[in-house]
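Here are my notes on the model you sent round, as numbered points. Have the coordinates open while you read.

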Amino acid sequence: MKKFTQIICVLLTVASMSAQQEKGIMGYNNWLNNWTEFKPNKVEYGEANQILAGNISTNTKLLKRNVYVLQGNVYVTNNAVLTIEPGTLIIGDFETKGTLVVTKGASIVADGLETDPIVFTSNRSQKKAGDWGGIVILGDAPINKFGNVASYNLDLDPTRTTYGGDNVAGSSGVLRFVRIEFAGKKVKGAGSFNGLTLAGVGNKTILENIMVSYSAGDSFGFFGGDLNATKLVSYKSINDDYKFTQGVQCRLHNSLAVRSSYLSSNKDGSRCLEVASYEKKSETDFTKKQTLVVASNITMLNDSENINADIQSGLVKEAVYIAENASLEIKRSVISGFNPAVLLDSKTEINDANLKKIKFEEMYFNLCKGNIFTEFNSNNEDLESWYGNSVFFNVYSQSDNKETFIDIFNPKKPDFRLQLGKITASSGNR
């Protein structure tokens, strides 16, 4: 598999900090090696010889020796386990909007290998974002809607798409070394599918080394539940890279979002991270936990040859949006090339209680037109003063991406690694 992008994202190394530089993804353990693919439209995939359609109601195994076409809405039901061998290729059908739905109680074990990942992609010769549906996993962990249950609709069967419950430690299986490409089919009058939707998923579910590329919806959508996720990659999504809502409790580490000024939608308010507690306040039970995201070692990068020009022309918006009543704690992370870096909901009052819920520590804010603002308020002196306090070790820079990242615009070998000495990556979590 041809590699062309490697990213160092994580530990800030500045003179005022006493933390030791840790080994990163370049060197002893480069977690992007072998399994990722940043030019999926250039890959030649084989022709399908098996069809997946209808319901999977008994334990089923997909084999590497076959190539499967996913036709229409395919439901894993009846507590069945869908097991997928490493190296298996599943092709989403464009005409029927192939979508895989793992219903509540069922599970998926897609446990690939670094050298043999499982790939979900499009069946079109000229692949584009939104060619097929995506993967939807529904669990029985808590959400913050009344009744602790909801249905993930779009054009899916509402009787098979309920999620939510009381099982914080629920397991919907394993997704590890998996790529999802060109998903996010639009449903008329109902929005778009996401590359990977995790709704009410419990914390015994394993989510590691998952890459979503060119999704027309969000790359990763977290709707309630309690999750641990690490080494996720969102590459040039049209909508959000990571969307959190419905009271999800999520720990996200060692992950990456690369956006494009020309591909990623800005008019619809798409961001790298959107952290919200609800879509509809009237449906939300405020006696339950509201959304909390704890993140570290995240790189959020706008890939642009001229970021300043793109910002000036209105092509670039904020990287992180935090809505009312939601909490985000983020450390040792990079935000480069946005306008601004972070935007708080206008309904979020700047007071001690909210500042304790929204934490930025050991951050590297680079080449952003402003760092942390409240929506519709051009005066951010209070926020700059608070988050600029030396106790948080946040760094503000205006270094060009060509200086900050190594060979980022080399057409033969683009490379998003941050220059050593500014930022280095950790292969583990602290």
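1. Let's start with the sheet. In this predicted model, 11 strands make up an open sheet with parallel pairing, in the order β3-β6-β9-β12-β18-β20-β22-β24-β26-β29-β32. Which strands sit at the edges? They are β3 (55-56) and β32, each of which pairs on one side only. At the β3 end, the parallel pairing of β3 with β6 rests on 2 bridges, and I56 has V76 of β6 as its bridge partner.

2. Next, have a look at β18 (residues 196-199), which is part of that order. Are its faces covered or not? Both are: L196 and L198 on one side are buried, and so are T197 and A199 on the other. As for its neighbours, β12 (residues 134-138) runs parallel to β18 and is joined to it by 4 bridges, with L138 partnered by A199. Strand β20 (residues 220-223) is also parallel to β18, again through 4 bridges, and here L196 stands opposite F220.

3. Compare that with β30 (residues 358-361). I358 and F360 point to one face and are buried, while K359 and E361 point to the other face and are not. That pattern is easy to read because in a regular strand the side chains alternate between the two faces of the sheet. β30 is joined by 4 bridges to β27 (residues 327-331), and the two run parallel. One of the residue pairs to click on is L328 with its bridge partner I358, the latter being one of the buried side chains of β30.

4. Some whole-chain numbers, for context. The protein chain has 4 helices and 34 strands. Of its 430 residues, 60% count as buried. If you take contacts between residues at least 6 apart in sequence, 70% of them join residues at least 24 apart. For a pair separated along the chain, try E349 and T374: they are 25 residues apart in sequence, and their C-alpha atoms are separated by 9.0 Å. E349 belongs to the loop between β29 and α2 (352-357) and is exposed, at 54% relative accessibility.

5. The largest pocket deserves a look. Its space comes to about 890 Å³. How many residues line it, and which lie nearest its centre? The lining has 37 residues, and D218, F223, K243, T245 and E279 are the ones nearest the centre. By class, the lining divides into 14 charged, 12 polar and 11 nonpolar residues. Strands β13 (150-151), β17 (191-192) and β22 (242-245) each contribute at least two residues to the lining. Of these, β22 also appears in the strand order of the open sheet.

6. Now the backbone oddities, all in loops. N339 and P340 are joined by a cis peptide bond, with omega about -5°; P340 is in the loop between β28 (334-336) and β29 (342-344). There are also residues other than glycine with positive phi, including N78, at about 60°, and F376, near 65°. N78 is in the loop between β6 (73-76) and β7 (81-84), and F376 is in the one between β32 (372-374) and α3 (381-387). Are these two side chains buried or exposed? N78 is exposed, with 60% relative accessible area, and F376 is exposed too, at 76%. I'd look at F376 on screen, given that accessibility value.

7. Last, the cysteines. How many disulfides does a search of the whole structure find? The count is 0. For C272 the reason is distance: the closest cysteine sulfur, in C368, is 9.6 Å away, so the two are too far apart for a bond. C272 is also buried, with a relative accessible area of 0%. C250 is another buried cysteine, at 1%.

Methods
Residues are numbered from 1 along each chain as its sequence is written. This is a predicted model: local features need pLDDT of at least 70, side-chain atom pairs count only at pLDDT 80 or more; totals for chains, interfaces and linings use all residues. Side-chain values use heavy atoms; hydrogens and water are left out. Buried means under 20% relative accessible area, exposed over 50%, partly exposed in between (1.4 Å probe, protein chains only). Two strands pair if DSSP finds at least two bridges between them. On a 1 Å grid over the protein atoms alone, a cavity is a set of points where a 1.4 Å probe fits but cannot get out, and a pocket is an open set with protein on both sides within 12 Å along at least five of seven lines; lining residues have an atom within 4 Å of a point. Grid points are joined across faces, edges and corners, and a volume is the space filled by probe spheres set on the points. Ala, Val, Leu, Ile, Met, Phe, Trp, Tyr, Cys and Pro count as nonpolar, Asp, Glu, Lys and Arg as charged, and the others, Gly among them, as polar. A disulfide is a pair of cysteine sulfur atoms within 2.5 Å. Contact means heavy atoms within 4.5 Å.
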